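Colleague: I'd like to go through the charged pairs with you. Can you take me through the reasoning behind each label?

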Amino acid sequence: MDTPGMFDLVSLSSQIKKRIAEERPRLYRMAYAWCCDPTLADDLAQEAISKGLQKAGQLREAERLQSWLYAILHNCWRTHLRRQRPDQPLDEEAFPCDDCPETVNQRQQVVDRVRAAIKALPLGQREVITLVDLNGFAYAEVARILDIPIGTVMSRLSRARQALLVALADVQQQSPQTSSPRASLRRVK
């Protein structure tokens, strides 16, 4: 007798397969945030989707599909890192016109600076901040995805936010839309 909420590969509905496939763009963005390489991010997202489809029978609660897929992606990422560096540990501690070329250029520069600042973070901090602040996962979900204690999630997130605040302090000051003389970053969660 099947336990309620269990999926079995034979009866895996096309709806679940579709939901798994629909997560690909989000998985790609997360992988890209972690590795900063579009080709590798594409490969990691594809591998996570493939493994998700193969192991869909192991999914016990359909409402946890998203965090389950992110955990698979994280495992794919860790496997890639181990292959690259097997001896290293994985944990390391306003313009008025919205579409004017100047505004577009300024936004792109800010985006590039933020990406560079995130890329400069240690891997553990980069993983946590992208899951919490960019994808909106709760701390407990991030702890499950990364298979680390929730206290470690909070600690890494705090250190990452502080590092980004320092690295990006001048971005807020340079913006002509800034009305306040004090530089501050908006907290997402």
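**Salt bridges, pair by pair**

Modeller: Sure, and keep in mind that this is a predicted model. The search over the whole structure turned up four salt bridges. Glu-22 and Lys-18 sit in helix H1 (residues 14-22), four residues apart, about one turn of the helix.

Colleague: Why is the contact between Glu-22 and Lys-18 called a salt bridge?

Modeller: The N to O distance between their side chains is 3.9 Å. The cut-off is within 4 Å, so the pair qualifies.

Colleague: What makes Lys-18 exposed?

Modeller: Its relative accessibility is 53%, and exposed means over 50%, so Lys-18 gets that label. Glu-22 has 48%, so it counts as partly exposed.

Colleague: How do you know that Glu-47 forms a salt bridge with Lys-51?

Modeller: Their closest N and O atoms are 3.3 Å apart, which is within 4 Å, so the label holds. Both residues belong to helix H3 (residues 38-54), again four residues apart, about one turn of the helix.

Colleague: Why is Glu-47 called partly exposed rather than buried?

Modeller: Buried means under 20%, and Glu-47 has 24% relative accessibility, so it lands in between. Lys-51, with 30%, is partly exposed too.

Colleague: And what makes Arg-161 and Asp-133 a salt bridge?

Modeller: The closest N and O atoms are 2.6 Å apart, so they meet the 4 Å limit. This pair links distant parts of the chain, with Arg-161 in helix H8 (residues 150-167) and Asp-133 in helix H6 (residues 123-134), 28 residues apart. Both are buried.

Key:
Residues are numbered from 1 along each chain as its sequence is written. This is a predicted model: local features need pLDDT of at least 70, side-chain atom pairs count only at pLDDT 80 or more; totals for chains, interfaces and linings use all residues. Side-chain values use heavy atoms; hydrogens and water are left out. Helices (H or I, at least four residues) and strands (E, at least two) are DSSP runs, numbered from the N terminus. Buried means under 20% relative accessible area, exposed over 50%, partly exposed in between (1.4 Å probe, protein chains only).
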